[in-house]
Number of protein chains: 2
Amino acid sequence: MTATTITVSLPAVPPAAYGIRIGAGLLEQLGALVRAVAPAPTCGIVSDTNVAPLYLAIATQALEAAGYRVIQHIVPAGEKFKNLQTVSAVLDTFLSARIERATPMIALGGGVVGDLAGFVAATAVRGIPFIQVPTTLLSAVDASVGGKVGADHAAGKNLIGAFHQPRLVLADIATFGTLPAREIRCGLAECIKHAVIRDASLLDFIADNVPAILACQPETMTSLVARNVAIKAAIVAEDPFERAVRALLNFGHTFGHAIENVLEYSGLQHGEAVALGMIAAGRLALALKRWNDKDLERMIELIAAVGLPTAMPQLDVDKTFAAMFTDKKVRGGKLRFVLPTRIGNAEIVENVPDPAVREALATLTRA
Amino acid sequence: MTATTITVSLPAVPPAAYGIRIGAGLLEQLGALVRAVAPAPTCGIVSDTNVAPLYLAIATQALEAAGYRVIQHIVPAGEKFKNLQTVSAVLDTFLSARIERATPMIALGGGVVGDLAGFVAATAVRGIPFIQVPTTLLSAVDASVGGKVGADHAAGKNLIGAFHQPRLVLADIATFGTLPAREIRCGLAECIKHAVIRDASLLDFIADNVPAILACQPETMTSLVARNVAIKAAIVAEDPFERAVRALLNFGHTFGHAIENVLEYSGLQHGEAVALGMIAAGRLALALKRWNDKDLERMIELIAAVGLPTAMPQLDVDKTFAAMFTDKKVRGGKLRFVLPTRIGNAEIVENVPDPAVREALATLTRA
């Protein structure tokens, strides 16, 4: 029988880099900064019904002043609209407007807008330049670093998506000033996560500056964002496709995603679910004798001090436990946890007994 | 004012490779061959309403014999279903079945099935292993090499998509034997394209073997597929993201896509549109004094000899001309053409005068 094999070689992709610019008043420079990394006659901008009334006009003006024809799409605000239907609507706007491969796509908003617009940028004409303009602390320190883009599915959060790295991230911390305090707190959940898994001195910095952070004091906020972005950037640079160390960033998220899933992404914000998830994971680490109670208490105290929830009496423990197995990081039906060993260090742990996991969840129902 | 920039480094991606195995009777070995590149407890397989009745049972049996739990999804056959709605339905099946990052996704069918299943593989849980089992000559020599996956949009063909390289391609040429002759002819359109842009001896090979090819004689067919795959593989290896030489593969496609677009993807098959597109491009090259009439005649004669159309009296020249500007390869509103200089070589040409383009299209309406 005649049979033959042809080998297709895929060449190496060279290293690359992008900048995350952090400061107050950067939105006014958006046009010039985008033009420097993605010159084109046209650009797309996606925002949501919360952010657009505040900043879309300024952003559009800056882009037009730099010579762009600006195509806008405003999505309804909220995680529940982070789905394939919204992606499809955004694609309709930009594909009908005849965007080309050089057309940059700008995300102006929080994590949901960034994920949606980034997924559109990843898939429109097989990939166009992507610029992130996070307008929340959470998206600045988390979603805007690392190139994860996508949408939720009925079967779970972020189950549809891609890796599409931005060309530029612009975090104008002046935009955080108009956020409800609850949004700043949610961003702090991810900052505390970074501190616990990687940088003990960041935990001190946050603890020492809670009022200045909540007041969005410019120097403190710039510093906070820069420190967190640097931590996440270092981890992502080591492991861009989440095959190893990047998984540490899931600290609090295996529990947190399950909690959000059971609540159908309403009631609790993502950062609040992560705060509860970190507490559950911390208690699991303690129960497994991998962590000490002093560090755990310090973490819980800081979570409380910034105004994040530390308990959820109405949590449905059984349903949440079941939902943990739907996370896309589950391999072979086995849960994997990120568990701290001390403030500033954490490990991936497998083969955790189910009763210990369930008990860690159950502690959240006790005040 | 405080402002700072953090640089995110993206490490190089190492070179990789995958095999395209070509021969008769490979479908029976599918399970073992998939297991060698993507071991997992579960796999997904996508086929369409034409191919599933013929080969899905054999494929599933082979996969189950190799220990896979097989999740199937059958899409309606035809380019008109290559859209985001079908992608969404396929994602629903596999995400609800709790696929994981190691779950391989197998495309069993022609180019449409490969593009759809590949896009699902690119975006489900941010990317899972992808295996192509092309059951048509066209998809074996074209779509299964190069990693282009995606779906059509109302605004144009392939406007939604990604680059997602397969782990393995298995071209069982025995499956081509059940194809209507029209499908073999459509595959030959892409083979003639490869010959014209890159390999004059392939044109001779096809011309010398038309009856054996149309009869799917195993040695001749294996040889034909291997030669074409090798040409496309070499081009893709040079330029995986279509920044330079890969654009040569669009010979006949700027015209062809516009013809398909105006016909709303019905009536003409893709290969037939490409055949017409190559003739239009060839005549454009001749009019611009870039090609000679002897080579052009040889190409047109071979297109006719394999039974592909060489004219389309009812073509709407104005509408088709307008549709050319919606192609995603258009940059800055400017058309780019791949024009042969001799059999075996072609060049990218810009700034072609509109009247010459329109006249090249108009020649197709004359018998």
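Q: Two strands pair if DSSP finds at least two bridges between them; how many bridges join strand β5 of chain B to strand β6 of chain B?
A: A note first: this is a predicted model, where local features need pLDDT of at least 70 and side-chain atom pairs count only at pLDDT 80 or more, while totals for chains, interfaces and linings use all residues. Residues are numbered from 1 along each chain as its sequence is written, chains are lettered from A and ligands numbered from 1 in the order in which they are written, and side-chain values use heavy atoms, with hydrogens and water left out. Helices (H or I, at least four residues) and strands (E, at least two) are DSSP runs, numbered from the N terminus. Strands β5 (residues 105–109) and β6 (residues 130–134) of chain B run parallel, and the number of bridges joining them is five.

Q: Which residue of β6(B) stands opposite B:Ile106?
A: The two strands run parallel, and B:Ile106 is one of the residues to look at here. Its opposite residue in β6(B) is B:Ile131.

Q: Which strand of chain B makes about 160° with helix α3 of chain B?
A: Axes are lines fitted to C-alpha atoms, for helices over the stretch in contact, and angles run from 0 to 180 degrees between N-to-C directions. Contact means heavy atoms within 4.5 Å. Helix α3 (residues 84–96) of chain B packs on the sheet and touches β3 (42–48), β4 and β5 of chain B. The strand whose direction makes about 160° with this helix is β4(B).

Q: Which strand of chain A does helix α9 of chain B touch?
A: Helix α9 (residues 218–238) of chain B packs on the sheet, and β2 (16–23) of chain B is one of the strands it touches. The other comes from chain A, and the helix direction makes about 10° with it: β1(A).

Q: How do α7(B) and α9(B) lie to each other, roughly parallel or roughly antiparallel?
A: The axes of α7 (residues 200–208) and α9 of chain B come within 11 Å and cross at roughly 160°. Angles under 35 degrees count as roughly parallel, over 145 as roughly antiparallel, 65 to 115 as roughly perpendicular and the rest as oblique. The two helices are therefore roughly antiparallel.

Q: What class split do the residues of the contact of α7(B) with α9(B) show?
A: From α7(B), B:Ser201, B:Leu202, B:Phe205 and B:Ile206 meet residues of α9(B), among them B:Arg227 and B:Ile231. Ala, Val, Leu, Ile, Met, Phe, Trp, Tyr, Cys and Pro count as nonpolar, Asp, Glu, Lys and Arg as charged, and the others, Gly among them, as polar. The split is five nonpolar, four polar and one charged.

Q: In what order do the seven strands of the open sheet that includes β1(B) stand?
A: The pairing in this open sheet is mixed. One strand comes from chain B, and the order is β4(A)-β3(A)-β5(A)-β6(A)-β9(A)-β2(A)-β1(B).

Q: Which strands stand at the edges of that sheet?
A: Each edge strand has a single partner, so one side of each is left without a neighbour in the sheet. The two are β4 (69–75) of chain A and β1 (3–10) of chain B.

Q: What is the average turn between neighbouring strands of this sheet?
A: Direction is ignored here. On average, neighbouring strands are turned against each other by 15°.

Q: Which residue of β5(A) is the bridge partner of A:Val46?
A: Three bridges join β3 (residues 42–48) of chain A to β5 (residues 105–109) of chain A, and these strands run parallel. The partner of A:Val46 is A:Ala107.

Q: What symmetry axis relates chain A to chain B?
A: Copies are superposed by least squares on the C-alpha atoms of residues with pLDDT of at least 70 in both. A rotation of 180° with 0.0 Å of shift along its axis superposes chain A on chain B (RMSD 0.0 Å). That is the relation of a two-fold axis.

Q: Which residue of chain A comes closest to the rotation axis?
A: The distance is taken at the C-alpha and comes to 2.4 Å. The residue is A:Val13.

Q: What relation do α1(A) and α2(A) have to each other?
A: Helix α1 (residues 30–37) and helix α2 (residues 52–65) of chain A pack with their axes 7 Å apart, at an angle of about 55°. That makes α1(A), relative to α2(A), oblique.

Q: Which residue in the turn between β10(A) and β11(A) has a positive phi?
A: Strands β10 (residues 336–342) and β11 (residues 345–350) of chain A pair in the antiparallel sense over six bridges. Among the opposite pairs, A:Pro340 faces A:Ala346 and A:Arg336 faces A:Glu350. The strands form a hairpin with two residues between them, and the residue with a positive phi, about 110°, is A:Gly344.

Methods
Two strands pair if DSSP finds at least two bridges between them.
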